[in-house]
Amino acid sequence: MSRARTLWSDLSLTRKLLLGILAISLLVMGLSFAGAFGAFRDRFEAQKLADMELYARERSRTEQDLFRSLESRHLAASTIFARLHDGLVMERASPMFERIFPLQPDGTRRSIDALFEGFSDGTGAQVYGLAAFMADGAEISEAQQRTLLAATRTVFAMGQTERDLYDNFYFLTPDEHLVIYGPEREDRLMFYRRHAPADSVFFHAEYAPLLARSLERGNGLECTPLRRLASDDAGVRSRIACMTPVSVDGSVVGVWGASLHVGDYLSNAISSAPEGATGLVVSAEGDLLAWPGFLNPGLASSSEIQRYHQDMGISAVIAHIRDSGRAHGVLVSPDGANFIAYGHIPGPDWYFLVTRPRAEIATAAREAASGILFLGLLALLLQTLLVVALARRLIVKPIARIVRHGEDTVAEDGNAADIADIEGKGDEIGALARALSTERARVREGVETLEARVRERTLELERANEAKSAFLANMSHELRTPLNGVVALADLLHQRQSEPESREMAGLISSSGRLLEQVINDILDVSKIEAGQLRLESAPFDLEEAIARIAALHGAAAAAKGIRLSWSVSARARGQYLGDATRVTQVLSNLLSNAVKFTEHGSVRLSATLGQKGLRLAVRDTGIGFDAEVARRLFRRFEQADASMTRRYGGTGLGLSIVVSLVEMMGGRMDVRSTPGTGSVFAVVLPLERIEDAGHVPAPAEPHAPSRPLEGLRVLLAEDHPTNQRVVSLILQPLGVHLTMVDNGQDALDLAVRERFDLVLMDVQMPRLDGLSATRAIRAHEMAEGRARVPVISLTANALPEHVRDSLASGADLHLAKPIRPDALINAVVGVLSGIEPGTEVGAEAGVVGGAKVGEAA
């Protein structure tokens with residue numbers, strides 16, 4: 001406090017005066033605008049409540065129009081009835097009554113079928129769609145006959161004119177005599193014409209109380225309560241019945257009645273509520289009849305209704321409304337959280353309610369009043385600007401220019417704000433500007449040097465990464481091309497050898513080729529992971545199907561060693577998941593491959609369970625196991641347990657490192673437990689999203705039987721490598737395929753345009769014209785000429801994911817990566833000729849080649 005007094009005393013008189021004027025202005029204007037703000041807010045809130053009341057009153061009047069219309073039609077029916085009743089001659093009417101309402105064995109009278117199907121009443125008029133039920137038919141007097149005949153004509157006349165508005169129109173007496181018009185009823189009114197028991201009660205079950213109330217009040221129309229909501233496929237349908245008394249000579253002889261489907265009526269009443277408000281329809285007894293969304297299936301539940309009752313305090317609200325005796329108004333909900341405007345609908349004795357949270361109205365009022373506050377603040381700001389204008393001109397602006405000058409030190413455009421005029425001043429600000437300019441020059445020089453080094457290093461890294469990617473892609477292609485000859489020819493030799501020793505040697509060549517191919521795949525995957533270029537897909541897949549396929553893939557290897565391989569999926573884990581099925585399969589394949597490799601006897605088991613942290617996939621074996629020291633380096637790249645493992649079991653040491661990288665990319669974790677000489681457990685936990693109703697995810701397509709024999713099939717092979725040409729001919733020609741071979745894409749295009757082939761096998765890297773361009777040209781020619789689409793299979797050593805996408809985008813039906821195997825090529829040919837959709841995997845199995853899912857031989 002003493003320091004503040006000291007500072008104030010040190011100020012000049014001018015500054016004290018300016019600060020005093022500023023403080024007094026702020027205080028006076030602040031209080032004034034605060035008062036104006038509060039007054040405007042209160043008026044705004046009052047206007048909103050008046051608007052709510054007006055809307056509720058007008059809406060209830062609008063909804064009453066339906067019942068007023070029905071009441072006027074009932075009155076019109078009474079007029080017609082009186083005229084017909086007085087004009088009937090009973091000498092002619094009684095025979096007609098006996099004819100159309102014959103006495104039944106059960107003592108009732110029911111209408112004849114012709115009265116529903118179509119009947120001439122003797123005057124030339126056609127009557128249809130009617131049914132009647134009359135209890136104690138033998139006791140019906142002549143006066144009652146007159147009444148029922150007049151009512152029959154009236155019901156038909158009114159029902160026919162109003163059939164678009166009401167489900168039915170009927171006349172019902174206290175003696176349980178009913179005449180009803182309903183030609184479009186699905187039941188064809190058979191209940192009344194045939195099936196209703198003789199002691200059926202209609203009037204006294206429902207209408208007697210309504211009639212008593214109508215007579216007591218002197219009103220005409222009265223309606224039954226809304227029945228319990230009943231759901232159907234379309235939503236919720238609600239029905240009420242409304243009646244008006246019918247009198248003859250001052251005595252009530254019956255009632256006019258009509259059934260109304262009010263589901264849409266109620267929905268329209270509540271769906272048009274003002275923005276921010278909620279519409280409700282409530283009966284006079286406090287029963288909730290309609291609320292937002294009540295027409296949606298499943299929402300008409302007791303819990304939903306109870307929630308509205310509790311939140312709004314509906315029973316207490318209705319009791320308060322009825323006690324007030326007012327037809328419309330506004331009140332506060334019992335819990336004080338909502339404003340409720342109401343309007344009475346007299347016909348069915350309902351109330352239309354409009355609710356809106358008090359907090360929302362208060363917020364809207366504050367927001368509306370904020371305009372006044374804004375104007376006040378603007379005026380206050382203008383006054384403040386006038387006071388500080390001089391200080392800004394002398395101090396603030398020069399310092400701001402100096403600050404911008406310093407910020408421009410590392411600006412991208414390299415241009416600094418010009419402050420030469422400030423540097424030329426002899427005051428303290430000029431000295432500050434000169435010092436900052438000197439420092440700016442020094443900083444800028446350092447920044448430029450650093451940026452140059454960063455750009456140079458970035459270019460070096462980009463060039464190195466591009467060179468690495470190009471080298472790996474080229475090496476993959478160059479290694480797969482000769483490997484194609486080794487693997488494919490070894491498979492053919494294995495199939496054609498009759499001597500066991502020769503088959504064994506051919507099999508060793510084939511398995512060695514497959515091992516080399518797996519090494520290539522692992523190196524490509526490791527390279528993509530290190531470069532951050534491996535992308536995970538996200539699509540639904542069935543866990544049980546994926547596990548079954550991968551277990552079957554490794555089952556043969558396990559059986560060859562005499563090992564029992566089994567798998568299981570817990571009941572909770574079964575179903576659909578969202579994720580990269582290819583990478584999940586790759587993880588399991590590597591774990592199963594290692595388990596089978598390092599297990600000499602016993603079993604390997606794959607299990608899937610669902611826990612709190614996600615899907616747990618565990619591979620348990622009874623193999624050689626390892627100790628804690630080995631476990632610490634087991635997941636390093638190019639490492640195995642020890643050198644003897646590599647000599648004995650082979651392998652690059654990349655499999656588990658790839659597994660760990662893929663699991664981490666999917667947001668999961670991997671655990672391992674092992675005991676030397678007993679076995680190991682490798683467990684992976686993946687937080688995959690569970691899809692409850694994804695439907696069945698189809699498994700990769702299996703080859704279909706060809707729609708025609710392969711013998712005589714005309715196949716065009718575009719392949720520039722002689723060995724690969726020979727491999728394909730050795731696979732297909734024994735099957736009777738007519739093979740035409742070219743060594744470049746241009747010749748393939750020319751032949752495909754000039755001649756007709758059943759299938760094209762297209763290499764990608766070829767002289768003159770590459771395979772992708774040739775495929776696109778073939779597809780363009782087919783579209784231009786209206787020719788049928790010839791199947792095209794990309795048969796190439798390019799196996800990376802981008803290569804697969806490029807092949808399918810160019811118009812190929814399938815991408816088959818080299819090295820090819822006889823079964824894979826034959827299955828691919830069978831698949832495309834059997835009409836499998838383009839881009840679908842076809843083959844004995846699907847593999848992962850260079851990170852891409854492609855057709856591959858078994």
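This is a dialogue about a predicted model of a protein, in which each label is set against its definition.

Me: How do you know how far the model can be trusted, and what is the mean pLDDT of the protein?
Reply: The pLDDT is the predictor's confidence in each residue, from 0 to 100, and its mean for this protein is 77, with 74% of the residues reaching 70 or more. Over residues 228-236, however, the pLDDT is below 50, although this stretch has 16 contacts beyond near neighbours in sequence, where a contact means heavy atoms within 4.5 Å. Residues 699-708 also stay under 50, and for them the model has 25 contacts beyond four places in sequence. Where pLDDT is low, the predicted coordinates should not be read in detail.

Me: Which rules were used for the numbering and the values?
Reply: Residues are numbered from 1 along each chain as its sequence is written, and side-chain values use heavy atoms, with hydrogens and water left out. Because the model is predicted, local features need pLDDT of at least 70 and side-chain atom pairs count only at pLDDT 80 or more, while totals for chains, interfaces and linings use all residues.

Me: Why is the pair of Arg-768 and Asp-747 called a salt bridge?
Reply: A salt bridge is a side-chain nitrogen of Lys or Arg within 4 Å of a carboxyl oxygen of Asp or Glu. Between Arg-768 and Asp-747 the N to O distance is 3.1 Å, so the pair fits the definition. The structure holds 16 salt bridges.

Me: What makes Arg-768 and Asp-747 a tie between parts of the chain?
Reply: Asp-747 lies in helix H21 (residues 745-754) and Arg-768 in the loop between strand S27 (759-762) and helix H22 (771-785), so the pair ties together parts that are 21 residues apart in sequence. The names come from DSSP runs, numbered from the N terminus, a helix being a run of H or I with at least four residues and a strand a run of E with at least two.

Me: Why is Arg-768 called exposed or buried, and what is Asp-747 called?
Reply: Buried means under 20% relative accessible area, exposed means over 50%, and partly exposed is in between, with a 1.4 Å probe and protein chains only. Arg-768, at 63%, therefore counts as exposed, whereas Asp-747, at 27%, is partly exposed.

Me: How do you know that Arg-779 is linked to other residues by salt bridges?
Reply: Arg-779 and Glu-782 meet with an N to O distance of 3.0 Å, and being three residues apart in helix H22 they are separated by about one helical turn. Both Arg-779 and Glu-782 are buried. Asp-813 and Arg-789 meet at 3.3 Å, and Asp-813 is buried at 8%, while Arg-789 is partly exposed at 45%. Arg-779, Glu-782, Arg-789 and Asp-813 are linked in a network of salt bridges.

Me: What makes a group of residues a nonpolar core, and how many residues has the largest one?
Reply: A nonpolar core is a set of buried Ala, Val, Leu, Ile, Met, Phe, Trp, Tyr and Cys residues joined through side-chain atoms within 4.5 Å. The largest has 57 residues, and those with the most contacts inside it are Phe-67, Trp-256, Val-281 and Trp-350. Helix H2 (residues 13-87) gives the most to this core, with eight residues. Apart from it lies another core, of 41 residues, among them Val-596, Leu-662, Met-666 and Val-684.

Me: How do you know where the buried residues of helix H3 lie around the axis?
Reply: The buried residues of H3 (residues 90-100) are Met-90, Ala-93, Phe-97 and Ile-100. They cover an arc of only 100° around the axis, which puts them on the same side of H3; the arc is that of the directions from the helix axis to the C-beta atoms. The face turned away from the buried side carries the exposed residues Glu-91 and Arg-92. The buried residues of H3 pack against strand S1 (109-110), strand S2 (119-120), strand S4 (130-134) and H5.

Me: Why is Thr-152 called buried or exposed?
Reply: Thr-152 is found in helix H5 (residues 142-161), and at 6% relative accessibility it counts as buried. Leaving aside neighbours within four places in sequence, Thr-152 is in contact with Phe-101, Leu-130 and Val-179.
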